[in-house]
Amino acid sequence: MADKLKITLVKSTIGAIPKHRKTVEALGLRKLNKTVEMPDNAATRGMIQQIRHLVKVEEI
């Protein structure tokens, strides 16, 4: 496993279910094409799995 994950919001949350919108916001993603670095742990991986259709993930 990598040390950190680079997560980019590539699809809008307009039309997404409210739980997915809150997950995107909890990851710190506010606007389209913005990127955040998060630690690579089970909690982060679970959040990404839930919104995998909205984000792009790279291991760094």
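Start by selecting His 20, which lies in helix H1, a helix that covers residues 18–26. The model you have open is a predicted one. Is His 20 buried or exposed? With a relative accessibility of 15%, His 20 counts as buried, because the cut-off for that class is under 20%. Now display what surrounds this side chain. Setting aside neighbours within four places in sequence, His 20 is in contact with Gln 50, Ile 51 and His 53.

Next, follow the chain onward from H1 to Asn 33. This residue sits in the loop between H1 and S2. Check the backbone angle here: Asn 33 has a positive phi of about 65°, although it is not a glycine. Asn 33 counts as exposed, at 56% relative accessibility.

Now turn to the strands. Select S1, residues 4–9, together with S2, residues 35–39; the two pair in the antiparallel sense over five bridges. Then add S3, residues 55–59, which is antiparallel to S1 and joined to it by five bridges. Which residues stand opposite Leu 5 in these two pairings? In S2 the residue opposite Leu 5 is Met 38, and in S3 it is Glu 59. As background for looking along a strand, side chains in a regular strand alternate between the two faces of the sheet.

Keep Leu 5 selected and move to the core. The largest nonpolar core has 12 residues. From the early part of the chain, select Leu 5, Ile 7, Leu 9, Val 24, Leu 27 and Leu 29. Then add Val 36, Met 38, Ile 48, Ile 51, Leu 54 and Val 55 to complete the set. Which elements give two or more residues to this core? They are S1 and S2. S1 gives the most, with three residues. In soluble globular proteins, nonpolar side chains tend to be buried together.

One core member to pick out is Leu 54. Beyond its neighbours within four places in sequence, Leu 54 is in contact with a run of residues, Thr 8, Leu 9, Val 10, Lys 11, Ser 12 and Thr 13, and also with Val 24.

The last part of the tour concerns charged side chains. Opposite charges can pair when the charged atoms come close. How many salt bridges does a search of the whole structure find? It finds three.

Select Asp 40 and Arg 45 for one of them: their side chains meet in a salt bridge, at 2.8 Å from N to O. Asp 40 is buried, with a relative accessible area of 10%, while Arg 45 is partly exposed, at 32%.

Keep Arg 45 and add Glu 59, the residue seen earlier opposite Leu 5. The side chains of Glu 59 and Arg 45 also meet in a salt bridge, at 2.9 Å from N to O. This pair links distant parts of the chain, since Glu 59 is in strand S3 and Arg 45 is in helix H2 (residues 42–50), 14 residues apart. Glu 59 counts as exposed, at 52% relative accessibility.

Finally, select Glu 58 and Lys 56, which form a salt bridge whose closest N and O atoms are 3.7 Å apart. Glu 58 is partly exposed, with a relative accessible area of 34%, and Lys 56 counts as partly exposed at 43%. To finish, show Asp 40, Arg 45 and Glu 59 together: salt bridges that share partners join these residues into one network.

Note on methods:
Residues numbered from 1 in each chain as written. Predicted model: local features only at pLDDT ≥ 70, side-chain atom pairs only at ≥ 80, totals over all residues. Heavy atoms only, no water. Pairing = 2+ DSSP bridges. Helix = DSSP H or I, 4+ residues; strand = E, 2+ residues; numbered from the N terminus. Core = buried A, V, L, I, M, F, W, Y, C linked by side-chain atoms within 4.5 Å. Buried < 20%, exposed > 50% of the residue type's maximum accessible area, 1.4 Å probe, protein only. Contact = heavy atoms within 4.5 Å. Salt bridge = Lys/Arg side-chain N within 4 Å of Asp/Glu carboxyl O.
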